[in-house]
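Good morning, and thank you for making time for this presentation. Please take a moment to look at the sequence and the structure before I begin.

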Amino acid sequence: MTESPNADARQTSGQDRVHRTRRKKPQQSGFSLLARGEPQIWFTGGMLVVCLGMIVGLLALILYSGIPTFWTRQVDWLALSDGTMEIGQPQTTRREDDGADGGDESSGSGAIGEGLSRYYRTGNYDLTGRHYRWLAPEELDSSGISQPRWAMVVERFEWGRLYGLPLQLTQAIEVAPAERDTLEEISDLQQLIRSLNVQDSADLVDQMIASLEQQHADKLSSALRQSLDRNGVGSALVQVRTTEATDWQPYDPAAAGPLLVEARALWTESPDVVSHLQETLERVARLRAEGDALKHKISRLDSQLADLRVGVRRAELEAEVQVAQQVGLSHYLLERQDELSRRAGALTAGKSRLQTLLSGELASGELADRASALLEEYQTDVLPQEIEDNRMQLELWLEPIRLQPEPIVQAVLAYQAGFLEILAAKRPLEDALAEVERQQATTDVHFAIPNGPTEVGGLTDEGIDRLLSGRLDPSTAQSLSESGIDALADSLQTQQLGPRLQLVSWNDSQHNKHLLAVIETGYLGGDTPAERKVLSVAEQPLACQEIVRAIAVNQLSFGGKVSVYADRWREFLLENPRENTEGGVFPAIWGTIVMTLIMTIAVVPFGVMAALYLREYTSSGPLVSLIRISINNLAGVPSIVYGVFGFSFFCYTVGAYIDGGAKNADITPLPSVTWFAGLALVAILGTAAFFFGLFGGSSRSPAPAAGRKWTSRLSMMLWLISIVATATLILKSPFFDGFYREYLPNPTFGKGGLLWAALTLALLTLPVVIVATEEALSAVPNSLRQGSLACGASKWQTIQRIVLPHARPGILTGAILAMARGAGEVAPLMLVGALPSAPDLPLDSEFPYFHGSRSFMHLGYQIYTLGFQSPNSEAAKPMVFTCALLLILIVAALNIAAIYIRARLKRRFQGNQF
């Protein structure tokens with residue numbers, strides 16, 4: 001078939017057009033970015049930069065907000081335009097909506113410009129009911145701000161911070177140790193005489209007590225005078241109370257006068273108050289440490305006593321007899337026996353001393369002779385009879401107990417003997433603790449607090465001018481007296497704190513220092529004319545034992561601020577919490593580290609074994625696919641669901657079962673016959689599974705391959721049934737009553753604790769470990785496996801010696817990911833053991849060292865409670881960032897340690913390859 005000339009012409013014309021089109025197309029000088037994929041590279045790189053920027057921004061925000069938390073700022077005394085006053089530390093400023101300009105928005109000191117409100121930490125929560133306060137521009141301007149030189153920040157064990165001016169410090173004058181021992185001896189003798197139970201001798205007892213009281217008063221007065229004359233108190237004013245005057249009076253060494261009852265040193269000058277307060281706080285801190293050590297010893301003895309009670313309860317459960325109530329009734333008799341024993345010893349030791357004290361009462365020594373006869377009668381006749389009566393009552397009480405089974409009798413006798421030993425051991429510790437607490441309470445300090453002042457009326461402008469000049473005319477004194485102010489004219493002093501604020505200090509008749517404030521009200525610069533008001537500044541006494549730290553911040557140099565900053569960080573990292581937003585977080589740090597390590601130890605073996613089975617032993621099939629789908633789904637389950645599961649399974653089922661067996665876990669035990677029948681069935685199923693596994697797993701079996709496959713599957717099914725049946729028999733066992741049945745109804749493991757929290761988070765992070773381990777196993781070349789098998793190694797030997805060592809860096813990667821996720825989880829911990837305050841550490845130096853049943857503190861949960869459960873979220877906000885910074889550092893440290901180990905292992909096995 002021939003083509004027509006028209007077709008050839010059309011083809012030629014089409015080719016010419018193509019060539020012309022190609023010639024007209026401009027030549028490309030560069031290259032196509034789309035062809036090379038560079039836009040995608042820039043896009044992914046940009047996304048990486050965005051992600052890194054978000055991470056760096058978050059870390060920068062936490063650092064910016066967390067690091068300055070413990071930095072010390074100056075204290076401002078504020079005179080407000082409404083005639084009130086405030087005191088506090090400036091935190092930050094914000095611009096009002098009117099958009100007015102001026103001022104510095106950074107935290108710290110400085111004038112407030114128009115349109116800026118300043119945020120102050122005012123403290124004094126027990127007086128004002130708030131921790132912070134915003135001050136608007138119309139309430140305050142720069143002329144109303146002053147920084148008193150001696151203003152102090154006082155950190156307390158309760159109620160948070162206190163801000164104020166130190167007014168005075170009072171310290172009780174203590175007698176020398178030798179005189180104190182004598183006074184305590186006389187007091188003990190008084191108590192001994194009062195306890196005598198001798199008929200027809202009431203008048204003699206009263207006379208002896210009166211004589212001892214006189215001896216005590218004489219020796220106390222003499223000891224106080226000796227202490228004052230010997231030691232002195234420097235610049236302090238010494239005041240005393242006497243038997244004739246209950247008010248404090250200045251001490252006159254030359255005056256004989258009445259007997260001294262009490263003496264104190266009084267400092268009223270601010271430098272002296274601050275100096276002696278710091279010395280006192282150091283002494284109180286040492287005493288507090290001694291008191292804590294004594295409390296710890298007493299708590300150990302109380303624990304031993306609790307163990308004795310548990311022993312009695314254990315014997316009750318074994319014998320099925322109730323005697324705990326009867327044992328409780330014996331406490332009075334045992335305490336009485338201890339008291340009589342101590343009284344006998346005190347009587348033997350105190351007779352000669354009492355006779356010496358009383359011999360000077362009458363010239364003939366008649367009172368001493370009568371006292372000696374009375375004590376002899378009590379020691380030889382009355383006291384032995386009381387001891388015998390108490391012993392007979394104990395024997396009478398023990399008679400029904402002796403009829404009980406032998407374990408009950410032995411436990412009760414051991415309890416009685418242990419109770420007396422513990423009581424004897426606790427007495428000196430409690431006496432020493434009482435002495436330490438007495439010494440801590442010898443000093444208190446008074447602060448001037450401007451919050452909520454009271455206006456003093458009836459003063460004229462002329463009277464205010466005289467008051468500010470240090471003079472007190474009769475009319476002004478009368479006006480002050482009507483307001484309840486007892487001022488001495490010769491003690492008036494004035495201090496200019498600011499253009500609108502002046503302070504007037506004075507001493508009352510007992511030389512206690514007080515303050516008045518004179519301020520000009522009305523907004524300066526406005527249309528309202530300023531007027532003066534006189535306000536009485538509130539006074540807040542505070543015992544030094546309630547103070548943690550007191551700082552005259554306006555006196556601190558930069559080095560002093562750094563020292564306080566470091567000391568606050570030390571307290572935050574190494575001490576226990578005091579309040580929700582105060583104190584340290586060491587238990588939370590320790591709890592976070594211990595829980596994370598236990599979680600890692602629990603999750604890694606199970607995750608690795610599961611990944612090994614899925615990767616090395618199983619072949620593709622519906623069951624394996626179902627397991628992989630389940631693992632992937634578990635990775636996406638919300639963490640709170642794991643918390644609910646851990647709470648219901650570990651705490652209410654496993655923990656309750658450990659405490660008291662099946663009944664305590666609300667599980668109905670099987671009858672004995674049924675249980676033994678089930679045990680026999682489990683044995684049969686296990687034996688069958690074993691032999692089927694041998695038959696199905698042997699390649700030398702004459703059965704066809706399909707038969708061996710089904711036999712292997714049947715073996716696996718029988719093993720699963722055996723495991724489920726075994727677990728059922730354990731849970732429904734009628735022969736197990738728990739390991740801690742004697743502690744019930746108080747649960748031991750049937751509640752939230754560190755162990756259950758770690759296991760719950762192990763379940764949460766298990767999918768992460770399985771997936772990471774599978775990836776690490778798949779990365780091991782098959783040639784290594786084949787070479788090992790070719791050399792004659794078994795399957796397990798190949799896995800143990802070839803696969804696992806080369807996959808170990810990847811396995812550690814999964815452990816690192818699990819550790820990072822588990823350390824930051826909070827939701828499950830809310831249900832399975834974390835508490836806002838749990839100072840008892842779950843891992844300590846006391847046997848058995850690891851206390852898995854204890855509740856614990858966790859930094860993540862601490863952040864939650866600080867941010868959302870605090871009574872004042874603004875006060876807790878800085879601590880939230882600080883705890884977040886600490887948690888990030890702990891997780892980073894744990895991860896860095898694991899990464900370092902992974903890198904070493906990776907270098908080791910890479911170097912062995914050839």
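I shall speak about the sheet, then two surface patches, and finally some details of the backbone.

Please keep in mind throughout that this is a predicted model.

Let me begin with the sheet. It is an open sheet of 5 strands, and their order is β4-β3-β2-β1-β5. The pairing between them is antiparallel. Which strands stand at the edges? They are β4, residues 132–135, and β5, residues 145–146. Each has a single partner strand, so one side of each is left without a neighbour in the sheet.

Strand β3, residues 116–121, deserves a closer look. On one side, β3 pairs with strand β2, residues 85–95, in the antiparallel sense and over 6 bridges. Two of the facing positions can be picked out in the model: Gln89 stands opposite Arg121, and Arg94 stands opposite Ser117. The strand is also joined to β4, again antiparallel, by 4 bridges. There, Tyr120 of β3 faces Arg133 of β4.

Is β3 enclosed or open to the surroundings? Buried here means under 20% relative accessible area. By that criterion, 6 of the 6 residues of β3 are buried, so the strand is largely enclosed by the rest of the structure. The cover extends to both faces: Leu116, Arg118 and Tyr120 are buried on one side, and Ser117, Tyr119 and Arg121 are buried on the other.

I turn now to the surface. Which residues form the negative patch? They are Asp181, Glu184, Asp188 and Asp431. Helix α5, residues 177–194, supplies the largest share, with 3 residues. Asp181 is found in that helix, and its relative accessible area of 47% makes Asp181 partly exposed.

There is also a nonpolar patch on the surface, made of Leu48, Leu52, Ile55, Leu59 and Ile888. Together these residues have about 430 Å² of accessible area. Helix α3, residues 38–66, gives the most to this patch, with 4 residues. Ile55 lies in helix α3 and counts as partly exposed, at 48% relative accessibility.

One further position belongs with these remarks on exposure. Ser352 has its place in helix α9, residues 331–358, and is partly exposed at 49% relative accessibility. The C-alpha atoms of Ser352 and Ser372 are 8.6 Å apart, while 20 residues separate the two along the chain.

Finally, I come to the backbone. Where are the cis peptide bonds that I wish to show? One runs from Leu744 to Pro745, with omega near 10°. Pro745 is in the loop between α19, residues 705–731, and α20, residues 754–778. Another runs from Phe847 to Pro848, with omega near 5°. Pro848 lies in the loop between α22, residues 795–824, and α23, residues 859–868.

The loop between α22 and α23 also holds Tyr849. Although Tyr849 is not a glycine, it has a positive phi of about 75°. Tyr849 is partly exposed, with a relative accessible area of 44%.

A positive phi is also found at Asp666, about 60°, and this residue is not a glycine either. Asp666 sits in the loop between α17, residues 639–664, and α18, residues 672–697. With a relative accessible area of 73%, Asp666 is exposed.

That concludes my presentation, and I thank you for your attention.

How values were computed: Residues are numbered from 1 along each chain as its sequence is written. This is a predicted model: local features need pLDDT of at least 70, side-chain atom pairs count only at pLDDT 80 or more; totals for chains, interfaces and linings use all residues. Side-chain values use heavy atoms; hydrogens and water are left out. Patches are made of residues with over 30% relative accessible area and no salt bridge: like charges are joined within 9 Å, nonpolar side chains (Val, Leu, Ile, Met, Phe, Trp, Tyr) within 5 Å. Accessible areas come from the Shrake-Rupley method with a 1.4 Å probe; for residues, only the protein chains shown count as cover. A salt bridge is a side-chain nitrogen of Lys or Arg within 4 Å of a carboxyl oxygen of Asp or Glu. Lys and Arg count as positive and Asp and Glu as negative; His and the chain ends are not counted. The place of a charge is taken as NZ of Lys, CZ of Arg, CG of Asp or CD of Glu. Buried means under 20% relative accessible area, exposed over 50%, partly exposed in between (1.4 Å probe, protein chains only). Two strands pair if DSSP finds at least two bridges between them.
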